[in-house]
Amino acid sequence: MMTRVFRSAPLPPLPGLDPDAARPVVMGIVNVSDDSFSGDSLKGDAGRAIQQARAQVAAGAAMVDLGAESTRPGAAPVSVQQEIDRLLPVLEGLRDLGKPVSVDTRHAATMRAVAAAGAAILNDISALEGEGSLAAAAASGLPIVLMHMQGEPGTMQSAPQYDDVVAEVLAYLESRIAACAAAGIARAKIILDPGIGFGKTVAHNLALLRALPRFHGLGCPLLIGVSRKSFIGAIAHEPDPARRLPGSLAVALHAATRGAAILRVHDVPETVQALALWHAISGPESGGNPAVQKS
Ligand code: 9MG
């Protein structure tokens with residue numbers, strides 16, 4: 001019998017985080033954009049964002065991801081200055097959080113500003129393809145999330161097309177790791193994300209989720225974001241993103257079983273509880289390694 005081990009590479013060292021944790025860690029989403037697909041926008045209210053991040057950590061989030069630009073198709077554009085103006089007061093208010101604060105941005109100027117203000121991770125849905133982003137990220141010295149996206153947020157869902165979605169996303173991420181290496185960013189600083197829902201049909205998303213073990217071959221930990229996304233709504237016939245928690249948990253546990261290191265979620269306490277049960281049943285104490293599957 002062949003044993004395939006689906007194991008994530010260790011996370012980059014981050015304050016308050018065990019890089020070899022036996023279960024995925026939860027990244028809580030804190031949205032300070034004007035709108036968001038999931039209905040969780042705090043509309044630039046720094047006080048509420050700080051409160052929400054603290055509540056997420058109290059509920060078991062190992063880190064939070066702060067974003068000020070909506071990626072919802074049709075969302076109003078935000079200038080780089082507006083983005084920085086929304087992010088900095090929140091980062092300032094979270095200096096004593098005790099957990100890493102990731103910032104979701106595609107802009108080099110924002111990367112520089114948030115790195116100076118205490119961000120611990122840069123999460124870029126455009127995988128540092130923006131002008132100056134590779135250099136800004138390298139200069140920050142911070143761990144980076146490189147995500148795959150086909151097209152631009154405004155139009156990415158109009159007609160996504162691939163010959164082989166898994167092969168193409170793998171090749172793209174490998175090419176961005178190489179671009180990072182050329183810019184002086186070591187593989188050990190990189191976290192990879194196949195970009196579920198970013199320029200993908202339902203079938204593309206499902207193919208990528210089935211193929212998650214193949215992404216470990218790239219030698220970096222995996223971040224998976226599926227929380228409340230529209231493919232869950234499409235499969236579950238649930239148009240309201242706020243009512244997609246059951247489907248989000250099902251997919252999160254699928255990703256956990258396949259070695260995801262970070263799960264980016266809206267519903268922190270619920271995901272933490274689901275993972276605790278998953279871990280109690282299948283974790284190392286059970287005699288079975290959750291990251292090992294027999295075939
Ligand atoms: C900002 N953002 C929204 N969805 C995301 C996802 O799935 N992954 C990452 N890395 N960022 C996301």
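Ala, Val, Leu, Ile, Met, Phe, Trp, Tyr, Cys and Pro count as nonpolar here, Asp, Glu, Lys and Arg as charged, and the others, Gly among them, as polar. The model is predicted, so local features need pLDDT of at least 70 and side-chain atom pairs pLDDT 80 or more, while totals for chains, interfaces and linings use all residues. Residues are numbered from 1 along each chain as its sequence is written, and side-chain values use heavy atoms, with hydrogens and water left out.

**Exercise 1.** Work out which residues surround the ligand and how they split by class.

*Solution.* Start by listing the neighbours, where near means a heavy atom within 4 Å. You should get Asp104, Asn123, Ile125, Val145, Met147, Asp193, Phe198, Leu223, Gly225, Lys229 and Arg264. Next, sort them: the shell has 5 nonpolar, 2 polar and 4 charged residues.

**Exercise 2.** Find the polar side-chain atoms that sit by nitrogen atoms of the ligand, then see how much of the ligand is covered.

*Solution.* Look for polar contacts (pairs of N or O atoms within 3.5 Å; within protein, one must be able to donate a hydrogen and the other to accept it, and residues adjacent in sequence count only if both atoms are side-chain atoms). Aspartate 193 puts a polar side-chain atom 2.5 Å from a ligand nitrogen, and asparagine 123 has one at 2.8 Å from a nitrogen of the ligand. For arginine 264, the distance from a side-chain N or O atom to a ligand nitrogen is 3.3 Å. Now the coverage: on its own the ligand has 300 Å² of accessible area (Shrake-Rupley, 1.4 Å probe), and the protein covers 96% of that.

**Exercise 3.** Locate the largest cavity and describe its lining.

*Solution.* A cavity is a set of points on a 1 Å grid over the protein atoms alone where a 1.4 Å probe fits but cannot get out, and lining residues have an atom within 4 Å of a point. The whole-structure search turns up 1 cavity of 30 Å³ or more. About 70 Å³ of space lies in the largest cavity. Of its 13 lining residues, Val226, Ser227, Ser248, Ala252 and Val265 lie nearest the centre. Helix H9 (245-257) is one of the elements supplying at least two lining residues, and H9 gives the most, with 4. By class, the lining has 7 nonpolar, 4 polar and 2 charged residues.

**Exercise 4.** Decide whether threonine 257 is buried or exposed, and find its side-chain partner.

*Solution.* Threonine 257 lies in helix H9. Its relative accessible area is 18%, and buried means under 20%, exposed over 50%, partly exposed in between (1.4 Å probe, protein chains only). Threonine 257 is therefore buried. Its side chain makes a polar contact of 3.0 Å with that of tryptophan 278.

Notes
1 Å grid on protein atoms, 1.4 Å probe; cavity = no way out; pocket = protein on both sides within 12 Å on 5 of 7 lines; lining within 4 Å. Points joined across faces, edges and corners; volume = space filled by probe spheres on them.
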